[in-house]
Amino acid sequence: MNPIYAPIYEALKKHASSKPRSFHVPGHQNGQVWQELGAAANTSTGHTIDAYRQTYDAIMRIDATELSSTDDLHHPEAAIQEAQILAAQSFHAEATFFLVGGSTSGNLAMLLAVCDPGDLVIVQRNVHKSIINGLKLAGATAVFVSPQRDAGSGLAVIPSLSGIEAALKRHPQAKAVFLSNPNYYGMGEQLNRYAETAHQYGVPLLVDEAHGAHYGQHRELPRSAMQAGADAAVQSTHKTLPALTMGAMLHIQGNRINLDRLKQALAIVQSSSPSFPIMASLDISRAMIAFFQEELFQPALAHARTFRAWLKAAKLFLQEVTLTDATVSSKHDRSEMIDHTSLQRDPLRIVLHDSTGTLTGKQLQQLLEEKGCWAEMSDNVYVVLLIGIGTGDEHMERLRDSITFIHQTIASEMEDIAPNMKRSVKEAENRHLASSAVWAATALEEPVAFGGGWYRNQPSIRLPLRDAIGRRVAEMVVPYPPGIPLLYAGERLTIAVAEEIERLASGRANFQGAIDSGMDTIAVYEEKPGG
């Protein structure tokens, strides 16, 4: 087995070991600031400078800039170039670009690379806000396609293949298909047929695979978008691999993406002074995969299997979400009913809910935090736990103890409340079915232009949420997590979306983009006559 080799880290380490005298940015001069200031006291806090040094000194020693010994992210010729070539090999791509602005920068760059102003893209409606912002930056037009819903959990996944193909038939001028797979809950589809369909219509398949950076790296993990034939996919390496926050990768294969345009787009959306510690962490993540291979993921997968077996045998009120092999649609959905789905599930994500309906997902998350277990996210029904490659035996023991305690808490509460006050599990599932139906209500059959519109420069006013129904909103409303917009600026507020906002607000959801965090009011554009 070859030794662990990470060229960016090696270049930074070599530069630091030469004890360079820095006459350039960044301002801490390779951490020399600590030596110059010494152990001066910070009288306002009682801390000393030395306390900060102990935390940041090692990071600052490799926090360099573009030097002849380090390389340039936007014109790589040395360590960064080598690291990206090695990453492409590990992640089944033909070319890989390091991202220091998270998957957001990759989503923006993909759209800028394939779209000129006015160009049309087929887009899954329940996508991350960065894709909506990318459409705005590109001045593109979108045709939104409704997602499917898993019948067991009520959670939304990507649109049906037939829905994507219908959109491509209706809009032959489309420049790309853009999907988000897997979702925040670790649910997704095998993308082979989606890639084949997009290619049959002569367009690339772009994938926001932010939550699947580890996909394709172990036989028990789902296949990655690259393995399925996608033309471009962005992965948040920092989410499931040992990269620093904001570290991500953009993978490319085939000839449907203009690499020159993509590089120009990346130079636009990424800093000209990228973080070398973040890039080094991306390089190290790849090196760990190359060195350990499947062994890197064995402990985490074993922890997940053992936990699931314990949870099933313990017969607690907290249960893992039930998925099915079928999707559902209703008279309110524009998505077609299909006989089966190639639904695949991330085995390292545990999605729990209170089967009695006594506690919401938010309440479950709070109780877990009180016991020292911090979940990835929660909503009004579910709480999502991520079993990482750094998860140890003590983590899992604490989790089992915490869940046992919560089970006892639920049992106590059930004794104290009247039977007619208890929420049933079916009611809990219906809350998610109603929630995911919003995506069908907001997906449109007609193109939506993000490059213009009279309302873009119109003054706005604030109205009570219910009074704004039917009006074009002047702000993006994004429950976070997972960062999927319920509304984008210029979209009309429907009754279904207003009800969903009220439901989320009652559960104390966090909203990005909206000024009124409680969502009692919303900004709307002053309509023109007949608008």
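Visitor: Before I look at strand partners, when do two strands count as a pair?

Guide: Two strands pair if DSSP finds at least two bridges between them. In this predicted model, β8 (residues 232-235) and β9 (residues 248-252) are joined by four bridges and run in the antiparallel sense. Along that pairing, Ala-233 sits opposite His-251 in β9.

Visitor: Which strands make up the open sheet, and in what order?

Guide: Eight strands build it, ordered β1-β9-β8-β7-β5-β2-β3-β16, and the pairing is mixed. At the edges are β1 (95-99) and β16 (448-449); each has a single partner strand, so one side of each has no neighbour in the sheet.

Visitor: Which helices lie across these strands?

Guide: Helix α5 (residues 102-114) is one of them: it lies across β1, β2, β5, β7, β8 and β9, at about 165° to β8. Helix α8 (residues 192-200) crosses β5 and β7, and its angle to β7 is about 145°. For the whole protein, the count is 17 helices and 20 strands.

Visitor: Let's go inside. How many residues does the largest nonpolar core have?

Guide: That core has 51 residues, and those with the most contacts inside it are Ile-8, Phe-98, Leu-352, Leu-368, Leu-399, Ile-403 and Ile-406. Several elements each supply at least two residues of this core, among them α1 (7-17), α12 (276-292), β13 (349-354) and α15 (393-416). Apart from it lies another core, of 37 residues, including Ala-109, Ala-248, Ile-252 and Val-478.

Visitor: What does Phe-98 touch, leaving out residues up to four places away in sequence?

Guide: Its contacts include Ile-8, Leu-73, Ala-83, Ala-87, Met-249, Met-279 and Leu-282, along with Gln-84, Gln-270 and Asp-283. Phe-98 also touches Ala-248, a residue of the 37-residue core.

Visitor: What share of the protein is buried, and how much area is exposed?

Guide: Of its 531 residues, 53% count as buried. The protein exposes about 23,300 Å², with carbon and sulfur atoms supplying 52% of that area. As for contacts between residues at least 6 apart in sequence, 73% join residues at least 24 apart.

Visitor: Where does pLDDT stay under 50?

Guide: A general idea helps here: where pLDDT is low, the predicted coordinates should not be read in detail. The mean for this protein is 87, and 86% of residues reach 70 or more. However, pLDDT stays under 50 over residues 326-340, where the model has 36 contacts beyond four places in sequence. It also stays under 50 over residues 418-422, with two such contacts.

Conventions: Residues numbered from 1 in each chain as written. Predicted model: local features only at pLDDT ≥ 70, side-chain atom pairs only at ≥ 80, totals over all residues. Heavy atoms only, no water. pLDDT = per-residue confidence, 0-100. Contact = heavy atoms within 4.5 Å. Axes fitted to C-alpha atoms, helices over the stretch in contact; angles between N-to-C directions. Buried < 20%, exposed > 50% of the residue type's maximum accessible area, 1.4 Å probe, protein only. Areas by Shrake-Rupley, 256 points an atom, 1.4 Å probe, with all protein chains shown as cover. Core = buried A, V, L, I, M, F, W, Y, C linked by side-chain atoms within 4.5 Å.
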